[in-house]
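Trainee: Could you take me through one part of this model in detail? I would love a close look at the place where the two chains meet.

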Amino acid sequence: MAPKNRNNRDVTPSAASTAQTSATSSGSAPQAAVSTSAKPAVNKSVSSSSSSKQDWNSVVVNLANSYRDSAPQRTKLIDAFMTFLVVAGALQFLYCVVAGNYPFNAFLSGFSATVGQFVLTASLRIQTTEANKSDFPSVSPERAFADFVFCSLVLHFFCVNFIN
Amino acid sequence: MRKLQAVLSKSASDELVVASIFDRPEATRYTITATMSVDSLQTLANVGKGESTRTTLRVVILFLIAGAAIASRLFSVIRFESIIHEFDPWFNFRATKYLVANGFYNFWDWFDDRTWHPLGRVTGGTLYPGLMVTSGIIYHALRTLTIPVDIRNICVLLAPAFSGLTAFAAYLLTNEMTPSSSAGLLAAVFMGIAPGYISRSVAGSYDNEAIAIFLLVFTFYLWIKALKQGSMLWGALCALFYGYMVASWGGYAFITCLLPLHAFVLICMGRYSTRLYVAYTTWYALGTLASMQIPFVGFLPVKTSEHMPALGIFGFLQLLAFLNYVRSAIPKGQYQTFLWLFAGGTFGIGLAALVVATSAGIIAPWGGRFYSLWDTSYAKIHIPIIASVSEHQPTAWPAFFFDLNMLIWLLPAGVYLCFQQLADEHVFIVVYALFGSYFAGVMVRLMLTLTPVVCVAAAIAVSNVLDTYLSAKSPKPEDRLSDEATDAAVKKAPKGGLKSTSKPFVGVYSIFSKGAVVGAMTIYLLLFVLHCTWVTSNAYSSPSVVLASRLADGSQHIIDDYREAYQWLRQNTRDDAKIMSWWDYGYQIGGMADRPTLVDNNTWNNTHIATVGKAMSSREEVSYPIMRQHEVDYVLVVFGGLLGYSGDDINKFLWMVRIAEGIWPEEVSERAFFTPRGEYRVDDEASDTMKNSLMYKMSYYNYNTLFPPGQAQDRVRGARLPEVGPTLDVLDEAFTSENWIIRIYKVKDLDNVGRDHASASAFDRGIKKKKATKKRGPRVLRVD
């Protein structure tokens, strides 16, 4: 138990630090440019938009990089599921906007099933992430998964009951 | 656990590693000092023993508290009998009987055609079923255990039984706040006997609040637990109990608003944590779905503004969690820009969406009751039906002291102590105290929701005082050397090296000050118990169906007019005879007399109530068509003039007039019921509208025959009545109870030779000639 923890703890900061270095190496120049030009750039729409776009790109790139490097395989699996849920929820919402919400029960239970499952999965992800270990002294990853299963059962029971 | 640890320490070569697994300072001590020795096990066993006796003691005390809580609610059963009280409980009782007789599914789909005649009521879809289902489950459970208990007794004793559970829930909640276990026990005692809670939970008061307060406190406990541990399981339990609460009481909106508020305050204090995210989102996702299962609530959680704060905080937390994740992943400078772009954009879009949705009518604006919470005079102006209920009035300030006694002045002290520690759970108490005391000030009824937090905060304060002053050990004399002595008796003695890092140890030296403070506290507590018992026995234990009075020799006299009259209805009228009365008595007529009513305490249709109000407040010629149209067979009024019973219909009459005026302003006018000088009178000087109103006539019909001529007295309003009593043309007196509290009139059928009722009764009285001349002018056309 203890040595495993220690190993993992060792891994995470190093990964973070690598991400940090890569981020600074790739994104330091536009970063500096922004910080100097940001305040006067409010008036000049052209320069501000270009710099913020650049900045935005670097943010996204950094985010993707750090995610690719530091997230473990399991977390990626969870994230894939969460993405699926977001897509499913968005599709339902789109349908509701386009085709009307006539069986409102059905829409609500379908939509809240995705939303509820999303937040439960997000909670599972938070609780199983090593970096958050200190926040949850009483929740081991196994317990987190058991909780997740229990909550999902409750959620889907209510959804099925509500769908009519 | 500890035995295992000892064994491990024997076998393992490296003790420290093993000890560090268990991560307890005393564990290391045990393993080091007592390696391989047997008496270490002995000492461990002794420690465990002390702990277990403590637990046993605690359990015993909690059981005693539950016993006291139940016992103090039994005054009414002992004094009167096992009877359902007041008004609303009669409906709950009737619904429970229906549930037990017809099963759950029939109950769920119950359409009741015996109320709100001729409209009927979709009862299954317009009630909170939690209470009935709870007692139904208890009933069936007891029957399977072959304990045949009458359903009425279960209903009567449900509230006291749940008050015991509430005390336990208060104990759990307080234990989350403070390490001192005495605080929890004190909170349990306070919760058990505080009059603010007893007022709604005496035996026989079979109302939604009976179980709802337990659910309220327990939901809060689960919420705190979920928040502290950041556990999905506790969050889900919190949601389940929240669902139960929604099924039981309309006051669930209090939780729906308080938990988001707590989360919001935490976020504003910069205390966002992943634990908050897990607890809140689990609660909201599951709890909202759970609440939507109740037909009466249905889509409200996504459609009304009362529920929007919870949704808003839910979305906000998603945002915060995402931002937090991003912050951990990218450098700080970039995060700033990201934050502004992202958060600003999302906030703007969300606000715009809310405004658009509200103005487009997708989300309903705040309901009337909620407006009246912000602006206390709102209801008085716009919704007389809400303002007419006495428990919706603003609280008079002595009521706080009456209902909570010394707890009310301990509340600020408890809140202050919470401020000193101010962990997440203490913020909850602070927020709850503020929120709760505001609402308790606005509406008498919401005193109930304030009571739990007052009990918890007061218990924290009292236990703090007692813990400080009850410790037998005085601080050591060398501590005297340090300064900071403010008093001869009280010294502060810094223990550690740095004053700022270690809490100063405050001790009390002299036995006298200890004794004085503890003694004073004990006296206060005893007085509190006395006050609670007195209030319970005198103010809250009257069933109001049965009245008690004292005879001249001091013996008790029971006034049982209500049941007498309802029994008369049950035995002397057809099964489907429609009874018209003011809505206060609708549930009682349905429950006790089992006869259809026009309006009842479920005031879902204001127009229908106004119709009854109009029939009561108009002249007979106007009222008769209304009564015929609604197939009214009997009219029931409550009259307290003989006995001095002030809660009668003449005193409620102005509300009938106001509600009727709200719908027919050109036909009913409140002003016409006052004398020219603006007085509300029933004697000779009463206005003609008043004297000719059906209500006035029904109340005082034949009343002066009880007295010598010209001596008729109304003891409620202290007025001498006109010498000639009113005459009734369209109604026949059918029944008047022993003390004249209830009077029942039968509506006459149409005259069988086609005259109108006025002339027919005039003919019967033998004044045909006079009538002919008199009635010629303003002849009234029969409308129907």
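**Where chain A meets chain B**

Mentor: Happy to! Let's begin with the polar contacts: across the interface of chain A and chain B, 5 residue pairs are in polar contact, with both residues at pLDDT 80 or more. That confidence score comes up because this is a predicted model. Salt bridges are another matter, as the count between chain A and chain B is 0.

Now look at which parts of chain A do the touching. Four elements each give two or more residues to the side that touches chain B: helix 1 (2-37), helix 2 (45-70), helix 4 (104-128) and helix 5 (141-162) of chain A. Helix 4 of chain A provides the largest share, with 15 residues. Sorted by character, the residues on this side of chain A divide into 26 nonpolar, 13 polar and 5 charged.

Next comes the extent of the meeting. In contact terms, 44 residues of chain A touch 35 residues of chain B. The size of an interface is often given as the accessible area lost when the parts come together. Here, chain A and chain B bury about 3400 Å² between them, and 72% of that lies on carbon and sulfur atoms. Three residues are worth finding in the structure: A:L63, A:F158 and A:F162 supply 15% of the area that chain A buries against chain B, more than any other three residues.

So, to put the picture together: the side of chain A that touches chain B has 26 nonpolar residues, helix 4 of chain A gives the largest share of that side, and 5 residue pairs make polar contacts across the interface.

Terms used: Residues are numbered from 1 along each chain as its sequence is written. Chains are lettered from A and ligands numbered from 1 in the order in which they are written. This is a predicted model: local features need pLDDT of at least 70, side-chain atom pairs count only at pLDDT 80 or more; totals for chains, interfaces and linings use all residues. Side-chain values use heavy atoms; hydrogens and water are left out. Contact means heavy atoms within 4.5 Å. Buried area is the accessible area (1.4 Å probe) that two parts lose on being put together, summed over both. A salt bridge is a side-chain nitrogen of Lys or Arg within 4 Å of a carboxyl oxygen of Asp or Glu. A polar contact is a pair of N or O atoms within 3.5 Å; within protein, one must be able to donate a hydrogen and the other to accept it, and residues adjacent in sequence count only if both atoms are side-chain atoms. Ala, Val, Leu, Ile, Met, Phe, Trp, Tyr, Cys and Pro count as nonpolar, Asp, Glu, Lys and Arg as charged, and the others, Gly among them, as polar.
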